[in-house]
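Me: I am new to this structure. Please show me how to read a few of its features.

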Amino acid sequence: MDWINDQIIRLAQSSLPQGAELVMMDHPSNEYAIYPQDLSGDGVPELTVIYRWENELYVHILQYRHIGWMIAAAAKGEGYGVAELTAAPVTTRMVNNLIINWRTGEEQTKRAVYEWSPLGFRNVVPDDQELETRAISLYPGSEKTTRGTKWGYINGIGTMAIPVRFNYAEDFQTNGLAIVQEDNGSGLINTTGAYFVRPKYSYIAPFSEGRAVVIDEKGHYRLMNDSGDILTSKDYSYMADIHDGRAMVNNQQADGKTMYGYIDRSGKEVIPLRYEDASDFANHRAIVKVKDNQYALIRHDGSTEAEYHFPFVGVLGDGLLPFQQTVNGKYGYINEKGNVRIQPAYSTAFPFQNGRAIVNNADDFGSEYGLIDTRGNVVIQTIYNDIQALGQQRYAVGKAIDPDQPFLGSMYAIFDADGKRLTEFIYTNVMEYKRGLASASNGKTTFFINTSGNPAPGYPQFEGSGTLKLEDDLIQVNIDQRIKYAARNGRIIWEPNTVIPLRLPYYVREHKYKPNKDYVVYYPAVEGIPDHAAQERVNETLKVLSQVKPIPGDEQLGYTYSGDFDVTFFKKNLLEIEMTGYNYPAGAAHGMPTQVYSHINVTNGAMYALKDLFKPGSNYVKVLSDIVGEQIKTDPQYDYVFPDTYKGIKPDQPFFVTQDALHLYFQPYDIGPYAAGFPTFKIPFEEIKSIIDERGDFWRAFHP
């Protein structure tokens, strides 16, 4: 311990009542719960001290005044320990709040957010509730770099507060943590950008009731608390978020059957895996499938409240459950006792919410959606292509753009819960209402609407189609696959860069092509190549590879297409650009991704092919084919490759390079399933050194 830390500890100890002792934190372990941070907004740090006195926890704030350090604020703590101590702007973006994660049980913690104001020093998080407003005034934003698109966090005035370095970044949550991706894994960072949990998981879900579901490197689902500890000792094939103190889990049994049960917030299996299906808990009850033709409504402790002998019973809502009376029959609704309340008459029936349920009358997978009340009365006629519940007693009701091709999508109008249409069918998409506002788009502009369904006065509109989200004093503008931030008056305070500097005089500039609401491409253009004719040829080729082509403007396409690019490598004179695309045919199960790389010499505009890397006359196709074949045969990571599909590589096999290796890849379905993406094989240059043309232009473009 250095003398500065020793001085801080001595100062903290000198402020304690007689007989009190400093509390040690869980994280970082073996450190006192002492935290220097500016909590008053005057630019001078205060000192937070947490101590135990007469078997109770207390927190006080030391502030330096002209006569020395004084106790300026104090509050009684909770529980018996401190899991975490930090600070971040929560109730306002200008001043930090103190955030304490109190240890209330062996596996339980309680998050408190303290506000220091003229009203006193108080916890602003009500018991058993989370903040309704954003917890941390930091916002994810991306920048294009020579290492690809990287993410960081801006503050409320548009300054990059946490520098870009992550492969992806999500919003900060009310516990002061954010999920990020880096090094091919997901982790958690705190408000300083430091890792709270290293990026070692393949997936981390947002926290729910103080817990997050994670997937480890072996594909097992586990439960993490907001101190970063894994609570489950068993491996699960699947785990849902915590709802009502329970998380639904499943595992495949020895006989091949998948069985469902529940764990609690401590990770303990409180309801054994004995059901064939299960739903989330709500209000301490859940619907489970016991076996064919037998469902049950169970309580929080796993005891059975009611049994239903039907082929299907759905989720409970407003005292009613969707059900089928016969196998593959129509849907209706029963009450909690199993008595039929709405006779089976629908091809699809969704759970009730706030006295209304969405139903579908069409046969053969058609769309005739409507809305009914709990007596089965029709509130909105069952004639529509789509209906979406928006909250606050509002619904987006969709008419098919083309009645003969309903899979092309809908135009939406806003209806209220009484079936009254409030607008014309003018919206291409509408999001859920929050605090009286919903994001909506007409395909050309995006804006907020109020509960009347009209554009909300006092809020800006933005060109393009996408979504808006209120973020305290800012608006997150997520339009045409780019995220930027605006003030309430519409002034843009931050947006991603459109120029990627390489080295003078070379740049890559981003251009946007959007000829149709369903077709958008961001494509690259290289600048600074001395030969202007060569630069023109390069950029025309990049446009073609990016799928910039004539597209009708007002015609309804039968698909959507999005394209983007990244600079993935730049060394010496070699520029490598990856261009990606995704074509999604309307109504299809999934779209088809594309991926293509260009390798460009910025000094002369040369664009290299795979053969240019090797000596003339060398049989590079056979050499590389054999190496890839051996990897498929011996490396377990390629177990997914379809048997007998790999026949070797082509002379123009898709590829990209990194500093020390050549990477060959295949398109989806070429040699593996769609889920495998682009099967890629890394071949170190050292392994193929004998056939590399080290005097060739390609090699010399990125080597001495």
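Reply: The turns below go through a core, a helix and a sheet. This is a predicted model, in which local features need pLDDT of at least 70 and side-chain atom pairs count only at pLDDT 80 or more, while totals for chains, interfaces and linings use all residues. Residues are numbered from 1 along each chain as its sequence is written, and side-chain values use heavy atoms, with hydrogens and water left out.

Me: Which residues have the most contacts inside the largest nonpolar core?

Reply: In soluble globular proteins, nonpolar side chains tend to be buried together. A nonpolar core is a set of buried Ala, Val, Leu, Ile, Met, Phe, Trp, Tyr and Cys residues joined through side-chain atoms within 4.5 Å; buried means under 20% relative accessible area with a 1.4 Å probe, protein chains only. Here the largest such core has 32 residues, and F614, L624, L662 and I688 have the most contacts inside it. Helix α3 gives the most to this core, with 6 residues.

Me: What span should α3 have?

Reply: The expected span is 1.5 Å times one less than the number of residues. Helices are DSSP runs (H or I, at least four residues), and strands are runs of E, at least two. Because α3 has 15 residues, it should span 21 Å, and its end C-alpha atoms are indeed 21 Å apart. Among its buried residues are Y620, L624 and I627.

Me: What is the strand order in the open sheet of 6 strands?

Reply: Two strands pair if DSSP finds at least two bridges between them. The order is β47-β48-β49-β50-β51-β52, with mixed pairing. The edge strands, β47 and β52, each pair on one side only.

Methods:
Buried means under 20% relative accessible area, exposed over 50%, partly exposed in between (1.4 Å probe, protein chains only).
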